[in-house]
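Here are my notes on the strands and their pairing. Please read them beside the model.

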Amino acid sequence: EIEFILDTICDEAIVYDDKNFFAYFSNVDIKEIGDKLEDKIQDRYKQIYNLFGFNEGISAWHFFRQFLVDGILAFEIVFDQRGKEIIGFKEIDPSTLYPQIKKDAAGKIFLEWAQKVAGESKVRTLTDSQVLYLSYSNHFRTKRISFVERMVRSFNLMRVIEHSKVIW
């Protein structure tokens, strides 16, 4: 039942049009930036959309479903050799990432990510600009972990009530 609900939510949320887009960049709030900059933003948006593979297949549907179930998505932003252009996104297991607050020699505080892969002794360090981390909840507050967590609890309570009725 929960899988049916999840599939229905994903089917209703991720709907492609005839141009194979399910989401467009909206420029409603940035009318004052000018046409040239607006065109550049539109081009970058399309580039990122395509780099995620949203234009081919159903990766957006799968990412959205995974987000509803797990509550966390993490990606490494892959840059070219010069470090100027984004050339792709690599999905990372969020359970291997740990945020770290660091201070440089000048006393400036910054965020970086440590990645510890199970079975390996090395710890990989990623800058904050290399990581895209989406979370349903906040690490600093005790909230629900994901959308599905609430549904599972309700479903389990419903089952207990149904079994109690049968036993009664």
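1. Contact here means heavy atoms within 4.5 Å. Axes are lines fitted to C-alpha atoms, for helices over the stretch in contact, and angles run from 0 to 180 degrees between N-to-C directions. Helices (H or I, at least four residues) and strands (E, at least two) are DSSP runs, numbered from the N terminus. With those terms, helix H3 (residues 59–70) lies across S1, S2 and S6. H3 runs at about 135° to S1.

2. On provenance: this is a predicted model, where local features need pLDDT of at least 70 and side-chain atom pairs count only at pLDDT 80 or more, while totals for chains, interfaces and linings use all residues. Residues are numbered from 1 along each chain as its sequence is written, and side-chain values use heavy atoms, with hydrogens and water left out.

3. The sheet under H3. Its order is S2-S1-S6, an open sheet of three strands with antiparallel pairing; two strands pair if DSSP finds at least two bridges between them. Strand S2 (86–92) and strand S6 (131–135) are the edges, each pairing on one side only. From one strand to the next, the twist averages 25°.

4. Pairing of S1 with S6. Strand S1 (residues 72–79) meets S6 in the antiparallel sense over five bridges. Leu 73 is opposite Leu 134 in S6. Phe 75 is opposite Leu 132 in S6.

5. Pairing of S1 with S2. Six bridges join these antiparallel strands. Ile 77 has Phe 89 as its bridge partner in S2.

6. The S1–S2 hairpin. Six residues sit between the strands, and Gly 83 takes a positive phi near 80°. Which residue's side chain offers a polar atom 2.9 Å from the backbone nitrogen of Gly 83? It is Asp 80, which lies in the loop between S1 and S2. Asp 80 also touches Glu 85 and Ile 87, not counting residues up to four places away in sequence.

7. The S3-S4-S5 sheet. Three strands in that order form an open sheet, and the pairing is antiparallel. Strand S3 (97–103) and strand S5 (123–127) each have a single partner strand, so one side of each is left without a neighbour in the sheet. Neighbouring strands of this sheet are turned by 35° against each other on average, direction ignored.

8. Pairing of S3 with S4. S3 and strand S4 (residues 109–116) run antiparallel, joined by seven bridges. Lys 102 stands opposite Phe 110 in S4.

Notes:
A polar contact is a pair of N or O atoms within 3.5 Å; within protein, one must be able to donate a hydrogen and the other to accept it, and residues adjacent in sequence count only if both atoms are side-chain atoms.
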